[in-house]
Amino acid sequence: AKYPENTMISFEAAMDLGVDAIEFDVWLTSDKVPVLMHDGNGLRTCGVNVHLRDLTLAEAKKLDAGYREKFGETYMNQGVTVPTLEELLQLRTAKRPDLLLGVEIKEYTEECCDLTVELLNKYGVFDKCFFYAFDAKIIKYLRTKYNARTMGYPDFQMSKFQPDTYSFYEEIGISMNIVKSEIFPIYEAKGLPMHMFCADTEADVRMCIEKGADLITANDPIPLMTVLGRL
């Protein structure tokens, strides 16, 4: 809400605020380095219509992730660029070694999973991670190969969903529009711990708590932490 998304300044500000966890989105560059960006394509946040998988790390680092469309010139030309997963893990080690990590795999390949898990193990944080994906094969792969703590989404939001896909979920992610809808009880009835996102107002936070959220994600953590008595 207040900083360019999936950037080091945003992660550091969240750590300073005292959140329990942060979430980020993992892609691979053309030279197979795990990097963090929501869309994969840099057009929305970096103003360049190019995909990370078509760039080397050196080329990705030349992108300005200041997100002019949302923040104007505030963060432009300030060295805000596309971070690597390793840079985030180094920051966590130095600043908040207790921090939980929501690892959303966005490049739907086993290679992206393997390289991501390899880095998480290098920093000893695998057991501090939730693994997300909107792709059923990726959820199954993470669960069966690595026994990862997986969180998938409602069936109609998943690619490659199969009849047995829910059996590979440890937890389920439910967006606020579903939390507020008449179909919420269908997914509540799955009996899985529920991650609700994105609760960006105090009213939304209270609704999540009333409906049994086990974890709440927010773009703006201030209302969430206020309701929880953390600020």
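**Exercise 1. Find which residues Asp135 contacts beyond its neighbours within four places in sequence, and place Asp135 in the fold.**

Step 1. Leave aside the neighbours within four places in sequence; Asp135 is then in contact with Tyr108, Met158, Ser159 and Lys160. Contact means heavy atoms within 4.5 Å.

Step 2. Asp135 sits in the loop between S4 and helix H7 (136-146). Helices (H or I, at least four residues) and strands (E, at least two) are DSSP runs, numbered from the N terminus.

Step 3. Asp135 counts as buried because its relative accessibility is 1%. Buried means under 20% relative accessible area, exposed over 50%, and partly exposed in between (1.4 Å probe, protein chains only).

Step 4. The Asp135 side chain reaches the backbone nitrogen of Lys137 at 3.1 Å. A polar contact is a pair of N or O atoms within 3.5 Å; within protein, one must be able to donate a hydrogen and the other to accept it, and residues adjacent in sequence count only if both atoms are side-chain atoms.

Two notes on the source. This is a predicted model, where local features need pLDDT of at least 70 and side-chain atom pairs count only at pLDDT 80 or more, while totals for chains, interfaces and linings use all residues. Residues are numbered from 1 along each chain as its sequence is written, and side-chain values use heavy atoms, with hydrogens and water left out.

**Exercise 2. Determine which side chain of opposite charge is nearest to Asp220, and describe the surroundings of Asp220.**

Step 1. Locate the residue. Asp220 lies in the loop between strand S8 (215-216) and helix H11 (221-227).

Step 2. Check the charge. Asp220 is buried yet has no salt bridge; Lys2 is the nearest side chain of opposite charge, 4.4 Å away. Lys and Arg count as positive and Asp and Glu as negative; His and the chain ends are not counted. A salt bridge is a side-chain nitrogen of Lys or Arg within 4 Å of a carboxyl oxygen of Asp or Glu.

Step 3. List the rest. The Asp220 side chain reaches the backbone nitrogen of Ile222 at 3.0 Å. Neighbours within four places in sequence aside, Asp220 is in contact with Ala1, Lys2, Ala199 and Asp200.

**Exercise 3. Work out how S6 pairs with S5 and S7, and how many of its residues are buried.**

Step 1. S6 covers residues 171-175, and five of its five residues are buried. Glu171, Gly173 and Ser175 point one way, Ile172 and Ile174 the other.

Step 2. Strand S5 (residues 150-152) runs parallel to S6, joined by two bridges. Two strands pair if DSSP finds at least two bridges between them. Gly152 has Ile172 as its bridge partner in S6.

Step 3. Strand S7 (residues 194-197) also pairs with S6 in the parallel sense, over four bridges. Ser175 has Phe197 as its bridge partner in S7.

**Exercise 4. Do the same for S4 (residues 129-132).**

Step 1. Both faces are covered. Cys129 and Phe131 are buried on one side, Phe130 and Tyr132 on the other.

Step 2. Strand S3 (residues 100-105) pairs with S4 in the parallel sense over four bridges. Val103 stands opposite Phe131.

**Exercise 5. State how many aromatic pairs the whole structure holds, then follow the rings around Tyr166.**

Step 1. The search of the whole structure finds 11 aromatic pairs. Rings of Phe, Tyr and Trp (its six-membered ring) pair if their centres lie within 6.5 Å; planes under 30 degrees apart count as stacked, over 60 as edge-to-face and the rest as tilted.

Step 2. Phe161 and Tyr166 pair edge-to-face, 5.2 Å centre to centre with 70° between the planes. Tyr166 and Tyr169 are also edge-to-face, at 5.0 Å and 70°.

Step 3. Compare exposure. Phe161 counts as partly exposed at 26% relative accessibility. Tyr166 is buried at 17%, and Tyr169 is buried at 5%.

Step 4. Ring pairs also link Tyr3, Tyr67, Phe71 and Tyr75 into a cluster.

**Exercise 6. Examine the backbone at Tyr67, Asn147 and the bond from Phe197 to Cys198.**

Step 1. Recall the background: most residues other than glycine have a negative phi, and most peptide bonds are trans.

Step 2. Tyr67 has a positive phi, near 55°. Tyr67 lies in the loop between helix H3 (57-60) and helix H4 (68-71) and is buried, at 8%.

Step 3. Asn147 also has a positive phi, near 55°. Asn147 lies in the loop between H7 and S5 and is exposed, at 55%.

Step 4. The peptide bond from Phe197 to Cys198 is cis, with omega near -15°. Cys198 is in the loop between S7 and helix H10 (202-210).
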